[in-house]
Amino acid sequence: MGWFTRSAGAVVALPLLTSCTAVSAGSHPEPAHNPAPSVAADASRQADGSQRRTTALPRPGATPSGSLPQRLPATCQADPAETAHPKRQLRGVWIATVRNIDWPSEPGLSVATQKDELRAQLDRAKNLGLNAVFFHVRPTADALYESELEPWARYLTGTQGKDPGYDPLSFAIDEAHARGLELHAWFNPYRVGWQDPDLANLTEDHPARRNPDWLITHDSQGWLDPGNPDVRAWVNDVVLDVVERYDIDGVHFDDYFYPYPAQGEKFDDDASFAAHGSGFDSRADWRRHNVNTLLAELHEGINAAKPWVRFGVSPFGIWRNSRSDASGSDTRGLQSYSALYADTRAWIQEGSLDYVVPQLYWYRGFELADYETLVPWWADEVAGTSVDLYIGQAAYKVGDDHWEGDDALTRQLDFNTGYPEVTGDIYFSSKSLGGRAEAAMRHLRAKHYDRPALPPKADGETAGVAAVADLSAQRTSPSEVRLTWTAEESARMFAIYRVTGDAAADPCALADAAHLVDVVGAQGGGEQTYLHTGVEEPADDARYYVTALDAYRTESPPGSGSQVSVG
C-alpha cells in the first residue's frame, strides 16, 4: 500500500496505505479487457515446468449421510439493512510484516517470542469483535512460509533466506482458526523491496537474482516487471502454491501494482512493451491489461484449486475523478486507473474478484476526497454484481486532525449503515488497534460490534454440513454454562446462540445475530466443547443452539437445541 506524510492537498495526489515502508517519527502510512486465458488445465504446474507440491485437505461440500433437518424458514430471514445485528459481516485487520510494521516487532526474535506476539494480536482481534485477519505472507517477493519458490523474508530473522525455525503461516492459520478467525494470505505481487537493504542483499536463489531481466528499479525500489508474461506466470505459481498447500480462507492483494508516481522518475518497461505491447493503443492501456490479466487468471486458478478460498484486492480509494471520466467520483486526487494502472472498476464488472476493499482513509467532509462521496460511489459500482464491498479504515490516523475523539472510527461506520452494499470493514493496521486507536476501537466495538458476526459466504456449490448432534448445555456456576456437541469432520467453525423467553423455541430468533454469543473454531472432528462465561442472566428457560459452518461459510441447520440443565 502507498504511504505518505504530506499535507491534505497532497494526500490524494500521492500514495495512500498498507504494505510499505518504515514509518518515521511523526509520519503516517496511507495505503493506498481482454478475456483471460484459462489456467485451470495447468494449475498444478510451476513456471519452471515442475510439479507443485500439494497437501490434500478435506474438500467441503460432500453430501452428508442421512437427511438434514429443515433449515430456517425463508420467511424469517432478517434483512441486513434493517437489523442492528447483521448476521454476516467481514470485520478484519491487516497484520503487516514488511519492515516489521506490525509483526514481528523486530527481526531476530526467538520463535517463542514471535509466537507470543502473534497470539496477542490475534487475541486482540477476537476481543474487538473482528472475525478475519489479513496476514502479510509475501511482502517483497519472499516468504513468511516454507517455500521452494522464494526465500524466507528477512523480517523474521534479519537475513533473507534464513530459516526461522518454524512455519509462521502454518502457525498463524492454526491460531486464527482456533479463535474463530478467518485468515486471508496477503501478497504483494510485484514489489521486490528497497535498494538498501533489500536489493543489495537478495539471496542467490531470489527470483529477481535468477532472472535479472524481470527486475525494474524505480524511485529506489525494485519491482518485478508486470509486463513480462514470465513474471505473471511466476506470481500465479507463487500464490497458487500457497492456496494448494495451506488451509487459508482467502488471497489478498493491496494497492501496489505498478509503482506510485515519483517526481523525475520513469518506470522503464521499454523492453517488455516493445516485446509484448503491440496491438494496444497506448502503453497505459497495455499496462492496465497486464494487471487485469493477472487478476483474472489468478481468480480462475484459485477457483479451480479451492473455490471456497476468496480473492480480493484493497485498491487506492479513487478509481478516476469525474473530471477525467464521467463515471468517476466527484473527487480531485490521484487516480488508480492512470497512476497505478489499476482499473478497479473493470475488475468488478468482469468478476475478477470476490470482494473489493477500497482504502478510504479520508474523513467525512474532506474536500478533495470526501468519505461521504466515495462510499456511495463504490456502493453503486458493486450493486448488482457478485463482488462484495468492504471499506479500508484508517485506524492509524486516529488522533490526527479531523480524527479526534473516541468516535473517530465509529463516525465512518455510522455513515456506512446507510449503504447496504457495504458489508464489512478492514482496519490498518494491527499495531494501531492496541495503540493510538485503542479507545476508538473500544467505542466502535460497543456501538457496531456488540454481537459477533459470521463471515460472508463464498460463492460456489456446496451441500453444506449436517446439524450438530448430542448438544448439551450444563450450568457449571451461576455465570458459566458448558456446552458439548459432536459434529462432522467438514465443520470448520461453529456459531453459538443463546435464546431466552418466548424466542427460545422460535427458529426465526437465529435469523440475525441478536442472540449470537460467539463464533469459534472447530477442534477437529467429533466432540466439541465450549464454556460460555459471564452469563449475566441465568434464565431457567435459556436455550442454546449450535450451528456448523463449512469451508464455504455455509451454515448448517440449527437442530433442536438444548435447554440449560444444572451440572
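Start with the whole protein chain: of its 567 residues, 58% are buried (under 20% relative accessible area with a 1.4 Å probe, protein chains only; exposed is over 50%, partly exposed in between). This is a predicted model, in which local features need pLDDT of at least 70 and side-chain atom pairs count only at pLDDT 80 or more, while totals for chains, interfaces and linings use all residues. Residues are numbered from 1 along each chain as its sequence is written, and side-chain values use heavy atoms, without hydrogens and water.

Colour by secondary structure next: the chain has 14 helices and 19 strands (DSSP runs numbered from the N terminus; helices are H or I of at least four residues, strands E of at least two).

Now select Ile-248, Phe-253, Leu-409 and Tyr-427, which touch the most other members of the largest nonpolar core, a set of 131 residues. Such a core joins buried Ala, Val, Leu, Ile, Met, Phe, Trp, Tyr and Cys residues through side-chain atoms within 4.5 Å. Helix H6, residues 229–245, gives the most to this core, with eight residues.

A second, separate core has 19 residues, among them Leu-471, Trp-485, Tyr-530 and Val-546.

Move to the open sheet of four strands, ordered E16-E13-E12-E19 with mixed pairing (two strands pair if DSSP finds at least two bridges between them). Strands E16 (526–533) and E19 (565–566) are the edges, each pairing on one side only. Select residues 469–477 and 480–487: these are E12 and E13, antiparallel and joined by six bridges. One residue to pick there is Ser-477, whose bridge partner in E13 is Glu-480.
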